[in-house]
Amino acid sequence: MSALRPSLGSEIDINIKNLKMMRNLLSNLNIGLINHFIYISSDAVYPYSKDLIDEDTVISPQTIYGSMHYMREQYLKSVIPPKTGEL
């Protein structure tokens, strides 16, 4: 698990570094050897709300940081597709 928080610098620079971090991880893994991969994202991919968040909550990032996390999730799924029945 690793991500840089927006408070550590320019928001756009931090998000670019976070995207590069995922790209570097995936480009250095032997995908064929992976049986199970768990990615822990951020609640920033959901709209800000006092309501509980669950699997049925609509993903709708409201910040560049939230959008970056969603982009990392989508990139990961394109490289390591989820198994049938998994998110």
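This is a dialogue between a colleague and a modeller on how to read a predicted model.

Colleague: Before looking at single residues, I would like an overview: how many helices and strands does the chain have?

Modeller: A good start is to list the secondary structure, and for this predicted model the chain comes to two helices and zero strands. The helix α1 covers residues 11-27, and the helix α2 covers residues 64-79. Of the 87 residues in the chain, 20% are buried, while the accessible surface comes to about 6600 Å², with 56% of that surface belonging to carbon and sulfur atoms.

Colleague: What share of the contacts with a separation of 6 or more comes from residues 24 or more positions apart?

Modeller: Such residues account for 53% of the contacts in that group, and we will meet some pairs that are far apart along the chain as we go on.

Colleague: How do I check the length of a helix, and what span should α1 have?

Modeller: The idea is to allow 1.5 Å a residue and to compare the resulting span with the distance between the end C-alpha atoms; for the 17 residues of α1 the expected span is 24 Å, and the end C-alpha atoms are 24 Å apart, so the two agree. For α2, with 16 residues, the expected span is 22 Å and the end C-alpha atoms are 23 Å apart, which also agrees.

Colleague: Which residues of α1 are buried, and where do they sit around the axis?

Modeller: Here one lists the residues with under 20% relative accessible area, and in α1 these are Ile-14, Asn-15, Asn-18, Met-22 and Leu-26. They cover an arc of only 110° around the axis, and therefore they lie on the same side of α1. Among the elements that cover these buried residues is α2.

Colleague: And which residues are buried in α2?

Modeller: In α2 the buried residues are Tyr-65, Gly-66, Met-68, His-69, Arg-72, Glu-73 and Leu-76. Seen down the axis, they fall within an arc of 160°, so they line one face of α2. These buried residues of α2 pack against α1.

Colleague: Could we take one residue of α2 in detail: is Gly-66 buried or exposed?

Modeller: Gly-66, which lies in helix α2, counts as buried because its relative accessibility is 0%, below the cut-off of 20%. Leaving aside neighbours within four places in sequence, Gly-66 is in contact with Ala-44, Val-45 and Pro-61. The C-alpha atoms of Gly-66 and Val-45 are separated by 4.6 Å, although these residues are 21 residues apart along the chain.

Colleague: Turning to the loop between α1 and α2, what does Ser-41 touch?

Modeller: Ser-41 is placed in that loop and, once residues up to four places away in sequence are set aside, it touches His-69 and Glu-73, both of which are listed among the buried residues of α2. Ser-41 itself counts as partly exposed, because its relative accessibility is 26%. The C-alpha atoms of Ser-41 and Tyr-70 are 8.0 Å from each other, with their positions 29 residues apart along the chain.

Colleague: What does Glu-11 touch, and in which helix is it found?

Modeller: Glu-11 is found in helix α1 and, not counting residues up to four places away, touches Ile-64 and Tyr-65. With a relative accessible area of 31%, Glu-11 is partly exposed. The C-alpha atoms of Glu-11 and Thr-63 are separated by 9.8 Å, and these two residues are 52 residues apart along the chain.

Colleague: Finally, which residues form a nonpolar patch on the surface?

Modeller: To find such a patch, one looks for nonpolar side chains with over 30% relative accessible area; here Ile-12, Ile-16 and Ile-64 form one, with about 260 Å² of accessible area together. Ile-16, which has its place in helix α1, is partly exposed, with a relative accessible area of 40%.

Terms used
Residues are numbered from 1 along each chain as its sequence is written. This is a predicted model: local features need pLDDT of at least 70, side-chain atom pairs count only at pLDDT 80 or more; totals for chains, interfaces and linings use all residues. Side-chain values use heavy atoms; hydrogens and water are left out. Patches are made of residues with over 30% relative accessible area and no salt bridge: like charges are joined within 9 Å, nonpolar side chains (Val, Leu, Ile, Met, Phe, Trp, Tyr) within 5 Å. Accessible areas come from the Shrake-Rupley method with a 1.4 Å probe; for residues, only the protein chains shown count as cover. A salt bridge is a side-chain nitrogen of Lys or Arg within 4 Å of a carboxyl oxygen of Asp or Glu. Helices (H or I, at least four residues) and strands (E, at least two) are DSSP runs, numbered from the N terminus. Buried means under 20% relative accessible area, exposed over 50%, partly exposed in between (1.4 Å probe, protein chains only). The expected span of a helix is 1.5 Å times one less than its number of residues. The arc is that of the directions from the helix axis to the C-beta atoms. Contact means heavy atoms within 4.5 Å.
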